[in-house]
Amino acid sequence: MESVEAFLAHAIRIEQEAALRFGQLADAMTTQGNREVGRLFRQLANYSLLHLADARERAGYRELPPLRPEDYTWPDIESPEAAAIWAADPMLGREQALQVALAAEQSGLDYYSDVMQQTVDPELRALAQEFADEEAGHVAELQRWIALHQAGQPLPTDV
């Protein structure tokens, strides 16, 4: 990553795709009656929308590079935070859904952390650190939910 502008262009795309995918998963879980996990996925979609708004606000006065889909540099085939689409499977269990969400958030955290560690630009490093910190909070929340599920306790209803 060579510039704050390129970082923000990537962050905007990451958060757009994460919000879309988590929204799709929330709809799938709610439709099949798994309201707890549906609420979790909806909250993650909302987190991504907030992160997206933040990235867009930061990009507001900058000229972002016009990137085509093939111009994005991802560590895998999709953007880092796009949860696995197979998680919309109506037979998906709660624990599997939580693991899918955790993997997506961890991938986002890893992506932003890698940018932070590899850049020499202090502004870009600080920005990537902020985004990584936000993702770390999501990872911690998902780990808490997984621990509750594994302990046989109900998931929070105030998501």
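**Close-up 1. Arg42 and its partner Asp27 in this predicted model.** Let us start with Arg42, which has a relative accessible area of 33% and is therefore partly exposed. Its salt-bridge partner is Asp27, and the closest N and O atoms of the two are 2.4 Å apart. This pair links distant parts of the chain, with Arg42 in helix α2 and Asp27 in helix α1, 15 residues apart. Asp27 has 43% relative accessibility, so Asp27 counts as partly exposed too.

**Close-up 2. A salt bridge within helix α1, between Glu17 and Arg13.** Here the two side chains meet with an N to O distance of 2.6 Å. Glu17 and Arg13 are four residues apart in helix α1, so about one helical turn separates them. Glu17 is partly exposed because its relative accessibility is 21%. Arg13 is likewise counted as partly exposed, at 21%.

**Close-up 3. A salt bridge within helix α2, between Asp54 and Arg58.** In this view the side chains of Asp54 and Arg58 come together at 3.1 Å, N to O. The two residues lie four apart in helix α2, which means a separation of about one helical turn. Asp54 has a relative accessible area of 26% and so is partly exposed. The value for Arg58 is 26% relative accessibility, and Arg58 also counts as partly exposed. Elsewhere, salt bridges with shared partners tie Glu5, Arg62 and Glu123 into one network. If you would like the total, a search of the whole structure finds seven salt bridges.

**Close-up 4. Helix α2 packed against helix α3.** Residues 35-59 form α2 and residues 94-118 form α3; their axes are 10 Å apart, at an angle of about 15°. Because that angle is under 35 degrees, α2 is roughly parallel to α3. The crossing of α2 past α3 is left-handed. On the α2 side, the contact is made by Glu36, Val37, Leu40, Phe41, Leu44 and His51, while α3 brings Arg94, Ala97, Leu98, Ala101, Glu105 and Tyr112. Sorted by class, these are eight nonpolar, one polar and three charged residues.

**Close-up 5. Helix α1 packed against helix α4.** Here α1 (residues 4-31) and α4 (residues 122-150) pack at about 20°, with 10 Å between their axes. The two helices are therefore roughly parallel to each other, and α1 and α4 make a left-handed crossing. From α1 come Val4, Phe7, Leu8, Ala11 and Glu15, which meet Glu123, Leu124, Leu127, Ala128, Phe131 and Glu135 of α4. The contact has eight nonpolar and three charged residues, with no polar ones.

Definitions and conventions
Residues numbered from 1 in each chain as written. Predicted model: local features only at pLDDT ≥ 70, side-chain atom pairs only at ≥ 80, totals over all residues. Heavy atoms only, no water. Axes fitted to C-alpha atoms, helices over the stretch in contact; angles between N-to-C directions. Parallel < 35°, antiparallel > 145°, perpendicular 65-115°, else oblique. Left-handed = near helix turned anticlockwise from the far one by under 90°. Contact = heavy atoms within 4.5 Å. Nonpolar A, V, L, I, M, F, W, Y, C, P; charged D, E, K, R; others polar. Salt bridge = Lys/Arg side-chain N within 4 Å of Asp/Glu carboxyl O. Buried < 20%, exposed > 50% of the residue type's maximum accessible area, 1.4 Å probe, protein only.
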